[in-house]
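Please open the model in the viewer and keep the sequence panel visible. The tour below proceeds by selections, each followed by a description of what is found there.

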Amino acid sequence: MEELPKHFDHKTLEPEIYKRWEASGFFSPDNLPVGRSAFGGNPNKDKAFTIIMPPPNANGSLHIGHALFVTTQDIMIRYKRMAGFKTLWLPGADHAGFETQVVYTKKIEKEGRRFWEIPREQLYNEIKDFTLANKTFMEGQLKALGASADWSREKFTLDEDIKAVVYDTFKMLHDDGLIYRGARIINWCPKHQTSLADLEVVHPEVADTFYYLKYGPFTIATARPETKFGDKYVIVHPDDQRYAQFKDREQFDVEWINGPIKATLIKDPMMDMTLGTGAMTITPWHSAEDFDLAQKYDLPKEQIIDWTGKLLPIAGEFAGQHISKARALIVEKMKGKGLLVKTEPYTHAVPACYKCGTAVEPQIRPQWFLAMTKEPKKGGKSLRDLAVEAVNSGAVTFTTDRFRLDFLRWMENLRDWNISHQIVWGIQIPAWYKGDEIKIGETSPGEGWTQDADVFSTWFSSGQWPFATLMTNRPGDFEKFYPTDVMETGWDILFFWVARMVMFGLYRTGKAPFKTVYLHGLVRDKDRQKMSKSKDNMVDPLGVAGEYGTDAVRMALVSGNAAGTDPIISEDKIRGYRNFTTKLWNMAKFVLQFTDVFETNDGVTPRDEEVLHELEAVKKQVTSYLDEYKLHLAAESIYHYTWHTVADKLIEEYKPRLNSVDKADAAIAIKTLMKVFSECLKMLHPFMPFVTEEIWGKLALRSPSGEEGTMLIVEKW
Ligand SMILES: [Zn+2]
């Protein structure tokens with residue numbers, strides 16, 4: 001029997017162990033020994049268990065949030081693999097369109113280059129090289145964290161076959177009348193020069209000024225005087241007695257910012273009588289509500305602010321000025337003309353780009369939209385209704401009920417989704433133009449056709465990820481592994497991603513893409529603070545794994561972390577689990593001294609029976625926690641049992657028997673202890689895969705039937 005080294009040298013051993021797993025082929029469901037005799041009577045041998053890994057954005061290093069998802073999913077996967085399922089964890093990487101372009105823009109700016117001066121094709125190729133390099137680097141990091149994913153099935157969101165699936169979906173939706181291109185009001189980031197989906201806009205509260213301006217016989221109120229140059233319609237509520245003397249559609253002369261204009265009154269119930277003076281003018285090009293009113297009454301719409309945030313010629317002497325500077329000057333001029341009645345402090349939510357914080361300018365621009373609440377031409381339910389039905393019927397369940405309610409609430413007020421971005425990086429929209437003709441969904445329709453310049457929102461392609469990855473993999477994979485079992489991801493992308501996957505999955509395949517949604521929270525530091533570079537409280541997962549071992553980091557991430565809550569992690573916590581790794585190693589060294597008497601006696605004492613009975617109870621408890629996705633409780637149970645029952649009490653109690661001159665009883669005692677310890681290793685394996693695999697190999701613990709070549713990763717649960 002081989003001696004154990006003094007310590008578990010995680011730095012050397014972890015990569016070695018990972019290589020052994022990869023070489024075994026057991027990461028692939030095709031190679032699993034689910035039918036072998038050790039798995040005799042395996043009730044799960046024909047069952048698949050599948051998780052599609054949320055593809056990390058290939059634009060940087062893995063952070064602690066990634067380590068959390070790797071740990072959580074790897075625990076589920078390793079458990080099901082040991083339980084005899086045909087287990088598939090399909091990895092991938094996301095090109096992450098806008099996100100990556102933002103990262104790359106920063107890089108370019110640091111280098112002193114200007115993004116908009118680089119030709120599109122060159123930019124695309126530069127970002128592609130950057131993304132692919134990051135992708136390779138991240139795969140190495142995922143492996144270092146112990147991810148037992150099937151790398152032979154790995155997919156990238158820009159793989160040609162994935163793009164083909166995305167194109168097909170686009171064409172199907174278009175044929176069904178659910179995709180349309182329309183000039184509607186959109187959220188425009190003047191810095192990033194792209195439209196943003198509603199979900200990509202944040203709404204920070206801003207302390208602002210409310211300006212009361214004289215507008216003919218009215219006093220109107222606005223927070224944005226710089227947009228008012230072209231306003232020719234004033235809106236009041238039909239029931240507002242303050243304006244009863246004016247008739248609907250009455251016209252009047254107004255001396256306005258740059259001279260006299262003719263204005264028209266419209267009485268519409270959409271006006272809020274309690275806001276300001278109850279009278280407002282409309283700017284249809286730069287306000288969603290005003291746009292709706294202009295549509296309703298077929299009013300003209302005129303652009304006041306250009307795409308970079310500068311005033312257009314309609315602003316007269318202010319033309320060419322940036323709105324951030326122009327406002328004060330415009331107000332000054334109005335004051336001079338006696339148009340400024342008064343000002344009031346005003347705190348309101350100002351929409352901003354979620355990436356750069358620049359105030360979003362509503363603009364009218366033709367964009368591609370996906371209809372959320374419209375029924376497809378071929379018949380059936382709208383995308384929204386499909387998703388709602390899947391959740392209401394229980395076809396899709398949430399491990400945390402709060403998220404089910406959030407999901408349904410979001411669905412209630414769903415607007416059509418702007419799926420196009422004016423960016424370089426990503427999948428260009430497969431719409432082709434030649435004169436008045438348009439072709440949809442083709443890769444390359446031939447001479448004379450020009451492709452739409454817009455690029456899909458990254459969520460449009462990643463929303464199709466579960467079926468796209470399986471449709472484009474091995475023959476039969478889709479049939480075998482779809483629908484998948486669990487979607488585990490951060491709660492912050494419930495609407496961005498999870499909801500869209502449910503819609504697309506149902507639309508394309510008739511089935512929800514997964515059965516269970518497990519959402520994790522945001523990793524926080526020991527003081528429950530959000531981790532950020534500015535607070536200097538970031539925990540680098542690979543850094544701490546290098547210091548304390550990956551197993552310790554994984555245990556620290558899962559312990560105390562129920563689904564849906566924000567896990568707390570600190571170096572102290574990780575250090576604590578490093579001590580547990582050491583404890584396991586020392587337990588292994590201890591039992592190893594007695595293995596010469598192992599397997600020599602079939603007898604059992606009442607005390608051994610009691611011990612084994614307790615073990616069974618622990619196994620049952622841990623198994624049921626895992627089945628209920630209460631991973632933290634499973635981890636804590638097995639940790640306490642191993643340390644506080646087995647190490648602290650049982651080993652101490654058994655020492656005299658093991659050292660006794662009664663060799664028969666010593667053999668019984670070591671057999672019981674070995675059984676208990678080996679079951680602890682099995683139960684700990686999904687959580688702490690490296691140290692348990694190493695000990696298992698060193699102790700030469702074999703499956704009950706004594707078959708050759710078994711590794712802990714495929715030992716029967
Ligand atoms: Zn921006």
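**First stop: a pocket**

In this predicted model, the second largest pocket holds about 1,400 Å³ of space. To find its centre, select Arg224, His286, Ser287, Glu289 and Pro351, which are the closest to that point among the 48 residues of the lining.

Next, colour the secondary structure elements that each supply at least two residues of this lining. The strands are β5 (179-189), β8 (205-215), β9 (218-222), β13 (280-281), β14 (340-349) and β16 (361-370). The helices are α6 (288-297) and α7 (323-336). Which element gives the most to the lining of the second largest pocket? Select α6, which contributes four residues.

Then colour the lining of the second largest pocket by residue class: 24 residues are nonpolar, 13 are polar and 11 are charged.

**Second stop: the zinc ion**

Select the zinc ion together with Cys189, His192, Cys353 and Cys356. The three cysteines coordinate the metal through SG and His192 does so through ND1, at 2.1 to 2.3 Å. The angles among the four donor atoms run from 100 to 118 degrees, and the site is tetrahedral. In the sequence panel, the donors of the zinc ion can be traced by the spacing C-x2-H-x160-C-x2-C.

Finally, show the protein surface around two of these donors. Is Cys353 buried or exposed? Cys353 is buried, because its relative accessible area of 1% lies under the 20% cut-off. Cys356, with a relative accessible area of 28%, is partly exposed, because this value falls between the limits of 20% and 50%.

Terms used: Residues numbered from 1 in each chain as written. Predicted model: local features only at pLDDT ≥ 70, side-chain atom pairs only at ≥ 80, totals over all residues. Heavy atoms only, no water. 1 Å grid on protein atoms, 1.4 Å probe; cavity = no way out; pocket = protein on both sides within 12 Å on 5 of 7 lines; lining within 4 Å. Points joined across faces, edges and corners; volume = space filled by probe spheres on them. Nonpolar A, V, L, I, M, F, W, Y, C, P; charged D, E, K, R; others polar. Donors = N, O, S within 2.8 Å, 3.2 Å for Na, K, Ca; no water. Tetrahedral: all angles 85-135°; square planar, octahedral: opposite > 155°, others 65-115°. Buried < 20%, exposed > 50% of the residue type's maximum accessible area, 1.4 Å probe, protein only.
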